[in-house]
Amino acid sequence: MNLSNCKEKHQNLLFANFNQDYSCFACGTEKGFLIFSCDPFKERFGRVFDGGVGIVEMLFRCNILAIVGGGKKPKYTPNQVMIWDDYQNKCIAKLEFKSEVKAVKLRRDRIVVVLENKVYVYNFSDLQLVHQLETTNNPKGICAVCPGTANVLACPGLKPGYVHVELYDHKQTQIIPAHESALSQIALNKNGTRLATASEKGTLIRIFDTATGEKIKEVRRGTNRAEIYSIAFNNDSTALCVSSDKNTGHIFDLSSPNVTTPSPTDESNQNRQSSFSFMGDLLPTKYFKSEWSAVQFQIPESRSICAFGSSQNSINVICASGICYKYTYDFSKGECKRDDNPHQFMENEES
């Protein structure tokens, strides 16, 4: 199909998300969906429908997608998950529920469907239900699935701020009291060994060992409340990127142990400590003992998601206005530079 013509017909971005390895991203619109490659940036394919798509999840780079209707005139009812084969240009399977679908996550062997108070896990091959979990209220559809060989799932627990982790390969469950307030975002690394969490407060990101439930690192985004839109590990779990409604992105260096009390002569540690450290007698110790981001960067608009690019030390940022930005960072210099040529992937009348 003519992708440029398809792009012109799509307006009003309803949904955007990266695929499992961050090599592509999918967009749901009032008129169907669009798929783009990140590095290099390129339109891959899209479909124009007579209705909106509120969720579209990719399975890596293949032709299979999970679609949920959305927008002013949904293509499908929002309580259905349609499995779409783009080679055949049709839906090949359907899962239906009693309430609205909040999120869908895909693995090569599993389909995970998130409702407001429940998570369903299905075999991909035969659509048989293999597990279901109860959660606290989860209107955002917060859930993370390990994209690698390890079969790990994380979702909200039964109490606000708690994370329920299922390690299916080991028939093991971890209930992690991650935060005192409700969760805002969670992410698993490629191997399913690390879990990153943020609460609705949005000041701290905590990282846990999924096998033990132990907190192994805590980093600070800021001191003021913020809504966290995305969290992502890089491929080898040595860095973490975060975007929020403060028009900033943060990249944390995870390669070193958590630093709590820096030496006055250790400049590398001083750069990662709270700037309030000189006020230690006035502020709680948690502020000046927190490890802060190694790099920060400005995002031209507040609503965005970010992920690591395929080229070294790169970040791709997808904004609600329909623009994709690329950044390159350098931990040693504490710098992050934006590419001069952003990509307008769609005209969006309503962010």
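Which residue forms a salt bridge with Glu291? Here are some notes to read alongside the structure, which is a predicted model.

1. Let's take that question straight away. The partner of Glu291 is Lys217, and their closest N and O atoms are 3.3 Å apart. This pair joins distant parts of the chain: Glu291 belongs to strand β24 (residues 291-292) and Lys217 to strand β20 (residues 215-220), 74 residues apart.

2. Are these two partners buried or exposed? Glu291 is buried, with just 2% relative accessible area. Lys217 is buried as well, at 6%.

3. Now have a look at Asp86, which pairs up with Arg47 in a salt bridge; here the closest N and O atoms are 2.9 Å apart. Asp86 sits in the loop between β7 (80-85) and β8 (90-96), while Arg47 is in strand β4 (residues 42-48), so the salt bridge ties together parts that are 39 residues apart in sequence.

4. Asp86 has a relative accessible area of 9%, and buried means under 20%, so Asp86 counts as buried. Arg47, at 17%, falls under that cut-off too, so it is also buried.

5. Next up are Glu96 and Lys94, whose side chains form a salt bridge with an N to O distance of 3.9 Å. Lys94 is partly exposed: its relative accessible area is 44%.

6. Salt bridges can also join up into a network, and you can find one here linking Arg206, Lys215 and Glu218.

7. How many salt bridges turn up when the whole structure is searched? The count is twelve, and the Glu291 and Lys217 pair is a good place to begin if you want to find them yourself.

Methods
Residues are numbered from 1 along each chain as its sequence is written. This is a predicted model: local features need pLDDT of at least 70, side-chain atom pairs count only at pLDDT 80 or more; totals for chains, interfaces and linings use all residues. Side-chain values use heavy atoms; hydrogens and water are left out. A salt bridge is a side-chain nitrogen of Lys or Arg within 4 Å of a carboxyl oxygen of Asp or Glu. Helices (H or I, at least four residues) and strands (E, at least two) are DSSP runs, numbered from the N terminus. Buried means under 20% relative accessible area, exposed over 50%, partly exposed in between (1.4 Å probe, protein chains only).
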